[in-house]
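Visitor: Could you walk me through this structure, one question at a time? I am new to this, so please show me how each answer is reached.

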Amino acid sequence: MSTRFSRSVVRWMVLVACAVVLPASRAQAQGDGPHNLPIIPIGTNIFTPQVLVLSGNFNPQQTVLVPGAEIDVVAVPVTYIRTFALGNRFGRLFLVAPLSTVDASVEAFDPIAGRLRTPERRRSGFMDPMVTMHVGLVGAPALKLPEFMKHAKSFQMVAIVGTSIPVGTYDSDRLINLGTNRWFVKSELGVSKSLGPWTLEFAPAITFFSDNHDFMGGSTREQDPVYSVQGGVIYGFSNGVWVALNGTYYTGGRTAVDGVDGNDLKKNSLAGLTVALPIDRNHSVKLYASTGVATRVGNEADTLGVLWQYRWGGGL
């Protein structure tokens, strides 16, 4: 085998590894989507613009249920990812800035005004930017390209911590906003197991929220933690294409305004399908869709999205 051919094979294999890590919907942008857990060579940079359409009864950030609402969001999140070493552990940083448009109508009772709110209008701006960090725990060391190609990738575990920065477009006189005017912190443990062309993933998580002290004209809105668990099955083809089926269950997240509990406890499940299509060693495309299933309380959301990935560095 020639040296040039050998290098081409190595680069193609790394492309496949990189194509599986990029983060449907908000989850894709944060790095919570399917096949985002496996490690890749340190020093890799990934730039990912995407377009996604959300439709349902959640706020644009997908964290608060709005009963009686019909909310359509078109978002264009732009994500930058960098991998690096944390001592001898693998590290991966996600930075996300989402430009969005929301078109919403809602017939929800406003406890402050004592009446039903009138329909909302279209609004454009930014959702809260997000920062997410992955740190390798088990089977996830910091590796450059030559060592990465020799590393057994059977079982991996990573710790994940993410947060939003409350600088998105926000108007305290509106019930539905692109920004949230509060922080959240999400803690997650991601586990992946490779079995030939198959990969199994499992990731329990908990999300905590700070209070919004300027909700609907100066009221304080609190929110209980949201507990979730995500699982997925991925099949990788020899040409680098992979297909994933994944599901997520959420519970919790009830809000309270000035101490009065809302009727917005979440108990629901989502199912999603993702297809990744490598183009060459630096470029790939991902298509994804998700929908609410087995909904007891809450989510009536559908999501469609497409993203493009450009990779450089890390020996590619």
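Visitor: Which residue does the side chain of R174 meet in a salt bridge?
Guide: Happy to help, and please keep in mind that this is a predicted model. Side chains of opposite charge can pair when their charged atoms come close. A salt bridge needs a nitrogen-to-oxygen distance within 4 Å, and here the distance from N to O is 3.8 Å. The partner of R174 is D171.

Visitor: How many salt bridges does the structure hold?
Guide: We have just met R174 and D171, whose side chains form a salt bridge. The count for the structure is one.

Visitor: Is R174 buried, partly exposed or exposed?
Guide: Buried means under 20% relative accessible area and exposed means over 50%. R174 has a relative accessibility of 24%, so it falls in between. Its partner D171 also comes out at 24%. The word for R174 is therefore partly exposed.

Visitor: And D261, is that residue buried or exposed?
Guide: D261 lies in strand β16, residues 260-261. It gathers with D211, E222, D224 and D258 in a patch of negative charge on the surface. The cut-off for this class is over 50%, and D261 has 58% relative accessibility, so it counts as exposed.

Visitor: Let us turn to the interior. Which element gives the largest share of the largest nonpolar core?
Guide: This core has 18 residues, and I71, V73, V102, L175 and I176 touch the most other members. The elements that give two or more residues to it are β1 (44-56), β2 (69-86) and β3 (89-106). The largest share is four residues, and the strand they come from is β2.

Visitor: How many residues are in the other core, the one that lies apart from it?
Guide: Among the members of this other core you can find I40, I46, A140 and L143. Its size is 13 residues.

Visitor: How far apart in space are F155 and E201?
Guide: F155 lies in strand β8, residues 155-164, and is partly exposed, with a relative accessible area of 35%. Along the sequence, F155 and E201 are 46 residues apart. In space, from C-alpha to C-alpha, the distance is 10.0 Å.

Visitor: What distance separates the C-alpha atoms of N239 and P278?
Guide: You can find N239 in the loop between β13 (226-236) and β14 (242-252). N239 has a relative accessible area of 44%, so it is partly exposed. N239 and P278 are 39 residues apart along the chain. Their C-alpha atoms are separated by 8.3 Å.

How values were computed. Residues numbered from 1 in each chain as written. Predicted model: local features only at pLDDT ≥ 70, side-chain atom pairs only at ≥ 80, totals over all residues. Heavy atoms only, no water. Core = buried A, V, L, I, M, F, W, Y, C linked by side-chain atoms within 4.5 Å. Buried < 20%, exposed > 50% of the residue type's maximum accessible area, 1.4 Å probe, protein only. Patch = residues over 30% accessible without salt bridge, like charges linked within 9 Å, V, L, I, M, F, W, Y side chains within 5 Å. Areas by Shrake-Rupley, 256 points an atom, 1.4 Å probe, with all protein chains shown as cover. Lys, Arg positive; Asp, Glu negative; His and termini not counted. Charge placed at Lys NZ, Arg CZ, Asp CG, Glu CD.
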